[in-house]
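Biologist: I have a structure open and would like to learn how to read it. Could you walk me through some features?

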Amino acid sequence: MDTQALKALIDLFGRAPLRELEISEGGQTLKITRSEQGAAAAAPAPSRPSASVEPSAGQTPSSPAPTPAPPPQAERVVTAPMYGTLHLSPSPDTPPFVAVGDTLSVGQQIGLIEAMKVFTPVKTEVAGRVEVILVTDGSEVEADQPLIRLS
């Protein structure tokens with residue numbers, strides 16, 4: 001797995017409401033877990049079960065642990081309620097439901113998810129200003145995938 005893909009996975013994990021993510025690719029396994037404070041940490045998962053943890057280079061088992069960074073502020077995001085194709089506007093000829101800079105209120109519709117020819121409205125559960133739209137119109141989304149980041 002290349003460095004860019006790894007950084008992208010860690011960034012996505014940091015925004016997603018997940019506690020753990022494990023990915024296997026080409027015989028390698030990557031496991032990312034969220035610590036008690038909410039920060040994401042990545043560590044390669046062993047190929048087979050292991051009962052001990054080896055200290056990294058330059059550390060001894062008695063070395064003090066590095067001081068953890070202060071927990072980041074909880075991001076406010078609008079997530080997909082289900083799997084499907086995301087539509088950011090009511091129809092191809094109309095403007096999108098929301099744009100960067102818009103102020104959203106709780107319950108406001110921001111898009112539609114199409115699954116098996118059924119359209120389900122996507123509504124916000126938090127209020128705020130649209131900082132970034134994280135997905136493109138017509139893209140497939142997973143349940144709980146971040147769609148919009150609010151400030």
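Modeller: Happy to. Let's start with a word we will need: two residues are in contact when they have heavy atoms within 4.5 Å of each other. Keep in mind, too, that this is a predicted model.

Biologist: With that in hand, which residues is V141 in contact with, leaving aside its neighbours within four places in sequence?

Modeller: V141 is in contact with A80, M82, Y83, G84, L86, I113, V135 and L147, once the neighbours within four places in sequence are left aside. V141 also belongs to the largest nonpolar core, which has 15 residues. Together with L86, I110, V122, L147 and I148, V141 touches the most other members of that core.

Biologist: Which elements give two or more residues to this core?

Modeller: Those are β7, residues 109-115, and β11, residues 146-150. The largest share, three residues, comes from β11.

Biologist: Let me step back to the overall fold. What pattern does the protein follow along the sequence?

Modeller: The chain starts with α, and every element after that in the pattern is β. In total there are one helix and 11 strands. Of the 151 residues, 23% are buried. The accessible surface comes to about 10,300 Å², and carbon and sulfur atoms account for 55% of that.

Biologist: How do I read contacts across the sequence?

Modeller: Take the contacts between residues at least 6 apart in sequence: 50% of them join residues at least 24 apart. E114, in strand β7, gives a good example. Its C-alpha atom is 5.3 Å from that of G84, although the two residues are 30 apart along the chain. Beyond its neighbours within four places in sequence, E114 is in contact with G84, T85, H87 and F119.

Biologist: Is E114 buried or exposed?

Modeller: The cut-off for buried is under 20% relative accessible area. E114 has 18% relative accessibility, so E114 counts as buried. Compare R129 in strand β9, residues 128-133: at 41% relative accessibility, R129 counts as partly exposed. R129 and V100 are 29 residues apart in sequence and 7.8 Å apart in space, C-alpha to C-alpha. The contacts of R129, leaving aside neighbours within four places in sequence, are G101, D102, T103, R149, L150 and S151.

Biologist: What about backbone angles?

Modeller: Most residues other than glycine have a negative phi. M116 has a positive phi of about 55° although it is not a glycine. M116 lies in the loop between β7 and β8, and is exposed, with a relative accessible area of 82%. D144 has a positive phi as well, of about 70°, and is not a glycine either. D144 sits in the loop between β10 and β11 and counts as partly exposed at 46% relative accessibility.

Biologist: And how do I read a pocket?

Modeller: Rolling a probe the size of a water molecule over the atoms shows where empty space is left. Here, the second largest pocket has a volume of about 180 Å³. D144 turns up again in its lining, along with others including E142, A143, Q145 and P146.

Biologist: Which helix gives the most to the lining of the second largest pocket?

Modeller: That is helix α1, residues 3-15, with three residues. Among the lining residues are L9, L12 and F13. By type, the lining divides into nine nonpolar residues, one polar and two charged.

Methods: Residues are numbered from 1 along each chain as its sequence is written. This is a predicted model: local features need pLDDT of at least 70, side-chain atom pairs count only at pLDDT 80 or more; totals for chains, interfaces and linings use all residues. Side-chain values use heavy atoms; hydrogens and water are left out. Helices (H or I, at least four residues) and strands (E, at least two) are DSSP runs, numbered from the N terminus. Buried means under 20% relative accessible area, exposed over 50%, partly exposed in between (1.4 Å probe, protein chains only). Accessible areas come from the Shrake-Rupley method with a 1.4 Å probe; for residues, only the protein chains shown count as cover. A nonpolar core is a set of buried Ala, Val, Leu, Ile, Met, Phe, Trp, Tyr and Cys residues joined through side-chain atoms within 4.5 Å. On a 1 Å grid over the protein atoms alone, a cavity is a set of points where a 1.4 Å probe fits but cannot get out, and a pocket is an open set with protein on both sides within 12 Å along at least five of seven lines; lining residues have an atom within 4 Å of a point. Grid points are joined across faces, edges and corners, and a volume is the space filled by probe spheres set on the points. Ala, Val, Leu, Ile, Met, Phe, Trp, Tyr, Cys and Pro count as nonpolar, Asp, Glu, Lys and Arg as charged, and the others, Gly among them, as polar.
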